[in-house]
Structures are given as C-alpha cells and as structure tokens.
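Here's an informal walk through one model, covering charge pairs, a helix and some cysteines. Have the structure open while you read.

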Amino acid sequence: MLAYTFVEQGRFELREKPRPELQDGRDAIVRVTLGSICTSDLHIKHGSVPRAVPGITVGHEMVGVVEEVGHEVTSVKPGDRVTVNVETFCGECFFCRHGYVNNCTDPHGGWALGCRIDGGQAEFVRVPYANQGLNVIPPSVTDEQALFVGDILATGFWAARISEIKEEDTVLIIGAGPTGICTLQCVMLKNPHRVIVCERSEERLRFVREHYPGVEVTTPESCKDFVLRHSAHGGADVVLEVAGSQDSFRLAWECARPNAIVTIVALYDKPQLLPLPDMYGKNLTFKTGGVDGCDCAEILSLIEAGRIDTTPLVTHRFPLERIEEAYRIFENRLDGVIKVAVTGAASTSFSAR
C-alpha cells in the first residue's frame, strides 16, 4: 500500500509498505477514506517532536471504514464508517477513568498514531485500543463533515469545555488557523456575550468575517487596545491561545482581565517565559495541556444536529498519490489554504483542486 513516511528530519517520502495487520485483540484495521495534514505533522518534519520515530507513516487526522477487528473489540464492526481519535488510550487507568485521556499511563498511550506507530496518511491504518479510539459516524454525516472530529475539533471542544465560559463573558481567541476556527465554533456553543478573534493573516480574518459575522476581529498589533475598548473589566474574561507564535503567549495574559482564565491550546516550538513579576496581582488561572479526545461521540452528535460545521475549512483536496503537492501548499500557506483533504489511493470521490 502507499504510505507517506517520515524518513529523517526534514524529509517525508511516499513509499510502498505492507498492509498493516492486527497485533492485539483490541486492534482494528481501518481503510482510510479521507485524511488531512496537521501542523503537528510539520513539527515532526522539522524535528520538533523528538519522540517521533523515523520510518513511521505520518498522519493522525482521518476517517475510514473498519475492515477487520480483534476479538476484544466490541464498539465497532467491519463495514462501520468511523472517526479515528488522535489519542491512543486504554480507558482503564486513573487518568482515562477521569476523562484525562491525554495522560493515559499505558506504555502505548498518548499521541501514537503518526508519531510512534504508523498513522493514517496511507491506504490502511492499524488502530490500537479500537474500543476507545474509534467512533461510528452517523449515516447522515459525511466523511468530510467528520474529518476533524478526532483531532482539531476534539482540541477545540476540550479547550472550550475547560475554560468555564459564561454567557456574560467576553472571550478572546488568539489564532484563526484550523484549530483556532474549531475552537471558535466550540466557544460559540457556550453563547458568550462577545467573541473576539485575533489573527495576523488578512486571508484568515476575511474567512472569519465571512463565516462568523457576529464575531469581532482584530490583529496582534491592535489586540490589547481593542480588547480593552470592548470589554467591561479591563480585559477578556477568558482567553484561549491557539496561535503558538513568538509573542502570542504574552499577548494572551496581557489581554486577560484580573482573575481571568487563560487556556493554552497552542503547541509551542520553544519554551515560553512566565514573567511572574509582571503578572503579579492579576491572579490569573492558566489551563494547559493537549487534546483530551474523550468527547468525540458528543461532537459527532453536534455535527449531526447541524450545530458544528467544519467543512468550510477544507479548501483543497488531493489524492494520496499527490500528497507531496498537498504538503507544499499547506506548509507554505499557498493559494488561501486552510485545510487539505487527502483521499485514499483507491478513492475517486474527490478531484484535486
């Protein structure tokens, strides 16, 4: 089968690999019908993920059809259309039982697919702990509608959930990339009084204006003054930092009012400075971590009900055979790209754009 492979730092390559096989009774084999490229894949390419294993197939955003299941798998069966969770988790340890699946203590837990074991930018993928890692897609939901459920939508949903957003709040979201837009949609489910999105790219600001006309927008240079003018208590009640840029962490806490919640959604390439003397007296609560992908069933229900729609994020579509071109466009932010959908090699349901 075709598989896009992490060869060494700075180099991915489309290769022929054997089709994966069941290795455990809790495994499932999924035929990938639609996948995507995540910024985390670029972090692997650039050497920012030391635990990534050379030789693995990359990719952790995908949906597909179950082909085969191990004897302990009860939640799905062959023929089911499914979303694939970015997190591998046992479902039994202390952290899994309390909903913190990102902290699963199983040796194989955490971000495994496309990092430590073969992922989904391929025709087939083996999914460990399939009872926890797969969710059946409702018949009325398309593959494209469900594509981001297991990763960036789960991230945005988690971030909105832990941010304790109230209806009277002013919420600032820093970053309008794919994860930022998913976070925005999940924040809007909480019905806050005002939502402000801060973004540097004019293309992405246009996207927000077009698709979310009730949301106010600003740029990093104007953000602090804008938030002060449009908030009641000297800053945003809740800030969600989704940009992960050089200055966005500082901007996040500077734009927060005293006693606010600042939720760090972004993944940083470098350590961030926590200047406690400058923060003294603001009494901020910081919430950090990675996606805890235990809300996928609820997210699918919200998509089915029409309350979440991430299909506008898919701006480009390519077959797996042309994934290198897809990466070139996504990595360099060409042609107004937001997200790329990559079809399995055997699929002809999309044509390249």
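## Charge pairs first

Glutamate 216 has a relative accessibility of 22%, so it counts as partly exposed (buried means under 20% relative accessible area, exposed over 50%, and partly exposed in between, using a 1.4 Å probe and protein chains only). Before going further, some ground rules: this is a predicted model, where local features need pLDDT of at least 70, side-chain atom pairs count only at pLDDT 80 or more, and totals for chains, interfaces and linings use all residues. Residues are numbered from 1 along each chain as its sequence is written, and side-chain values use heavy atoms, with hydrogens and water left out.

What does glutamate 216 form a salt bridge with? The partner is arginine 194, and the closest N and O atoms are 2.6 Å apart (a salt bridge being a side-chain nitrogen of Lys or Arg within 4 Å of a carboxyl oxygen of Asp or Glu). Glutamate 216 sits in strand E12 (residues 216-218) and arginine 194 in strand E11 (residues 194-198), so this pair ties together parts that are 22 residues apart in sequence. Helices (H or I, at least four residues) and strands (E, at least two) are DSSP runs, numbered from the N terminus. Arginine 194, at 23% relative accessibility, is partly exposed too.

By this rule, the count comes to 22 salt bridges. Here are some of them:

| Acid | Base | Closest N and O atoms |
|---|---|---|
| Glutamate 216 | Arginine 194 | 2.6 Å |
| Glutamate 13 | Arginine 15 | 2.8 Å |
| Aspartate 118 | Lysine 17 | 3.2 Å |

Take the pair of lysine 17 and aspartate 118, which form a salt bridge. Lysine 17 is in the loop between strand E2 (11-16) and strand E3 (28-36), while aspartate 118 is in the loop between strand E7 (110-111) and strand E8 (124-127), so the bridge ties together parts that are 101 residues apart in sequence. Lysine 17 is buried, at 16% relative accessible area, whereas aspartate 118 is partly exposed at 35%.

Glutamate 13 and arginine 15 are both in a network: salt bridges with shared partners join Glu8, Arg11, Glu13 and Arg15. Glutamate 13 is partly exposed at 26% relative accessibility, and arginine 15 is partly exposed at 33%.

## Helix H5 and its neighbor

Now to helix H5 (residues 152-162), which is mostly covered, with 10 of its 11 residues buried. Among them are Ile152, Leu153, Phe157 and Trp158. Just after H5, glutamate 164 takes a positive phi of about 55°.

H5 packs against helix H11 (residues 296-304) at an angle of about 100°, with the axes 10 Å apart. Axes are lines fitted to C-alpha atoms, for helices over the stretch in contact, and angles run from 0 to 180 degrees between N-to-C directions. On the H5 side, Leu153, Ala154 and Phe157 meet Glu298, Ile299, Leu302 and Ile303 of H11 (contact means heavy atoms within 4.5 Å).

## Cysteines without disulfides

How many disulfides does the structure hold? Zero, with a disulfide taken as a pair of cysteine sulfur atoms within 2.5 Å. Cysteine 186 is in no disulfide, and the nearest cysteine sulfur, that of cysteine 182, is 6.8 Å away. Cysteine 186 is buried, at 2% relative accessibility.

Why no bond for cysteine 223? Its sulfur is 3.8 Å from the closest cysteine sulfur, in cysteine 255, which is too far. Cysteine 223 is buried as well, at 0% relative accessibility.
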